[in-house]
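Colleague: Could you take me through the salt bridges in this model, with a close look at where the partners sit and how buried or exposed they are?

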Amino acid sequence: MNSYKNPLEERYSSEEMLFNFSPDNKFQTWRRLWVALAEIQKDLGLNITDEQISDLKNNIENIDYDVAADYEKKFRHDVMAHVHTFGDVAPSAQGIIHLGATSAFVGDNTDLIQIRDGLKILKTKVISVMKALSTFALEYKDLPTLGFTHFQPAQLTTVGKRATLWLQSLLLDFEELEFFIDTLRFRGVKGTTGTAASFLELFDGDYSKVKFLDKELSKRFGFSNVFGVSGQTYDRKIDAKVVSLLSNIAQSAHKFSNDLRLLQNLKEIEEPFEKSQIGSSAMAYKRNPMRSERIGALAKFVISLPTSSAMVAATQWFERTLDDSANKRLTIPQAFLAVDAILLIWNNIMNGLVVYPNRINKHIQEELPFMATEYIIMEEVKAGGNRQEIHEIIRVHSMEASKKVKEQGLENDLLERILNDSSLKLDKSKLKNGLDPKQFIGFAPIQTEEFIKNEINPVLDKYRDLIDLKSELKV
């Protein structure tokens, strides 16, 4: 192995996404576009025979890449190289391949097909992760855990409610993904600068035939929406928008992976760790969160890409420049491949996530006296106390208790301090008998149930047939 291999192909992405951006899929789609163009042109009265159409159809998959490479080296033009390669194996149709079309006819339309089909692949994976997250959230909707603001202990929440925050982000991404697929426009048949001038000649000035050709070809490739106007290419804002969408999914995944890595450090929740897995080559005891870290690594790559696509969209000149081509070849496929891998890893994690309730409760008990101070203030006010005065008393006790914990490593004695303070009038028997963490989780369980019932389940029910994602990793 003496040449570079893309790790997205070797290590991370699924076979279906790799096929979507493969040479076979790309160039066979070019040939299907040429066949459809010829068929519709024949139907509209051009001198194209059934024999020519048959010759083309029979050779869609018969691609000699060595011949194409030789032609491209000669012509310095990839589309013309494949026109000639196709013509070599379908000689009767040599003269009508690519009739009236420009390079963007096959290049851009194929790009849009790959974008659409790539999004459909990701849609299945997003749905599967949403299902796994919702199952996890419902399972742990009642399990209290420390909430964190600024990564400092705050009011309690539940493990399940926290999972709904990850799920909410992904739902927003899914809604954007669904809208993008539903509204994506096909380039269709537009000619060299978008005026369809070549088809004006072919159809003797009959604009209705040009419009029919445009819409019929788009319909054959599954697009109900077609660009009404274009230059030579489809608007490169499409690329900027889709890469931004992929970045959004990566952002949601990165947020999840960061949270999980922090929770694994706290030993509260842990990603899967296989029997023979090695966490460190030096420290045999380690259980590194390699899956979460891999999500973070891939997500950073995807999040960096929108600037590239935005620059391409912003710097196109008039009807067409070619300074987009090399960039698109890199950015679009790799963004899809990376997000595909991210979702595979995310699903793998969710299908083996381990929760440690005793560890979670230990952390709660260490902080519960502080968590209970708001409750204590409210109870004291109910007993007739002054809210501001009570707040100051509790603040002083809290600072002293915190000082002992931090500086001397002692247990938190805040409750004892409050119990021994004769100036406080609340019913102290509740404190003596201990505080139930579930007193301090607010409406978290109900919020979890309502969110999944009202916002997630309708999506999962609508796409129940898509929830079938295998969670094994390549490496």
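Modeller: Happy to; here is a walk through three of the pairs and a network. Please keep in mind that this is a predicted model, in which local features need pLDDT of at least 70, side-chain atom pairs count only at pLDDT 80 or more, and totals for chains, interfaces and linings use all residues. Residues are numbered from 1 along each chain as its sequence is written, and side-chain values use heavy atoms, with hydrogens and water left out.

The structure holds 24 salt bridges, each being a side-chain nitrogen of Lys or Arg within 4 Å of a carboxyl oxygen of Asp or Glu. Take Lys57 and Glu39, whose closest N and O atoms are 2.7 Å apart. Lys57 belongs to helix 4 (residues 50-57) and Glu39 to helix 3 (residues 23-43), so this bridge ties together parts 18 residues apart in sequence. Helices here are DSSP runs of H or I with at least four residues, numbered from the N terminus. Glu39 is buried at 17% relative accessibility, while Lys57 is partly exposed at 43%; buried means under 20% relative accessible area, exposed over 50%, and partly exposed in between, with a 1.4 Å probe and protein chains only.

Within helix 11 (residues 237-265), Asp259 and Lys255 are 4 residues apart, about one turn of the helix, and their closest N and O atoms are 2.5 Å apart. Asp259 is buried at 18%. Lys255 is partly exposed at 42%. Elsewhere, salt bridges that share partners join Glu39, Asp43, Lys57, Glu216, Lys219 and Arg220 into one network. In it, Glu216 and Arg220 meet at 3.1 Å, N to O.

Conventions: Helices (H or I, at least four residues) and strands (E, at least two) are DSSP runs, numbered from the N terminus.
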